[in-house]
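Biologist: I'd like to learn how to read pockets in a model. Could you walk me through this one?

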Amino acid sequence: MTIAELKENEIGNVSNIYLQAFGTRETEMFVGLLSSTTSKCFVVKNGVMPIGLFITKIVERNVEIITIAIDSNYRGQGLSSKCIEFVVQKAKNSGYENVFFEMDKNNITAIEKYSNLGFEIMNEKNTIKGSQLVVMYKSLK
């Protein structure tokens, strides 16, 4: 498995992975993030084949993980954790202070998994649509 910044010729392949994970409801956000100057998209590959992606955004002295999407054929193999570890190491090497992300408050399994990676719940919030989220962060100091 390798992780690298997304190249323009890979957008079609990762778009399919994103649609598989999130459906069409998030397409506009995905396109916006790909064209944003403040976010970066990374592709996870098995050999030359894209099997996942994640998008990060710089927020002051912090790195936010916006989304992670793994091809359904490769889920359950720890790839999300590897993506997060990649972001943490890259952020630490670049001098950022924290890595954080938001996730569904009811996803207990993921919360426990990310807690084991050193993340803590910073706060909880409700979305406009009524979902409950937790904000998890990891200090890099």
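Modeller: Sure. α1 (11-22), β4 (62-70), α3 (79-93), β5 (98-104) and α4 (108-116) each give at least two residues to the lining of the largest pocket. Helices (H or I, at least four residues) and strands (E, at least two) are DSSP runs, numbered from the N terminus. This is a predicted model: local features need pLDDT of at least 70, side-chain atom pairs count only at pLDDT 80 or more, and totals for chains, interfaces and linings use all residues. Residues are numbered from 1 along each chain as its sequence is written, and side-chain values use heavy atoms, without hydrogens and water.

Biologist: How is empty space found, and how much space lies in the largest pocket?

Modeller: Rolling a probe the size of a water molecule over the atoms shows where empty space is left. On a 1 Å grid over the protein atoms alone, a pocket is an open set of points where a 1.4 Å probe fits, with protein on both sides within 12 Å along at least five of seven lines; lining residues have an atom within 4 Å of a point. Grid points are joined across faces, edges and corners, and a volume is the space filled by probe spheres set on the points. Here the largest pocket holds about 1,300 Å³.

Biologist: Which residues lie nearest its centre?

Modeller: F22, I66, T67, E102 and M103, out of 36 lining residues. β4 supplies the largest share, seven residues.

Biologist: What about the second largest pocket?

Modeller: Its volume is about 190 Å³. Among its 14 lining residues, K40, T56, I58, V63 and K90 are the closest to its centre. α3 gives the largest share of that lining, four residues.
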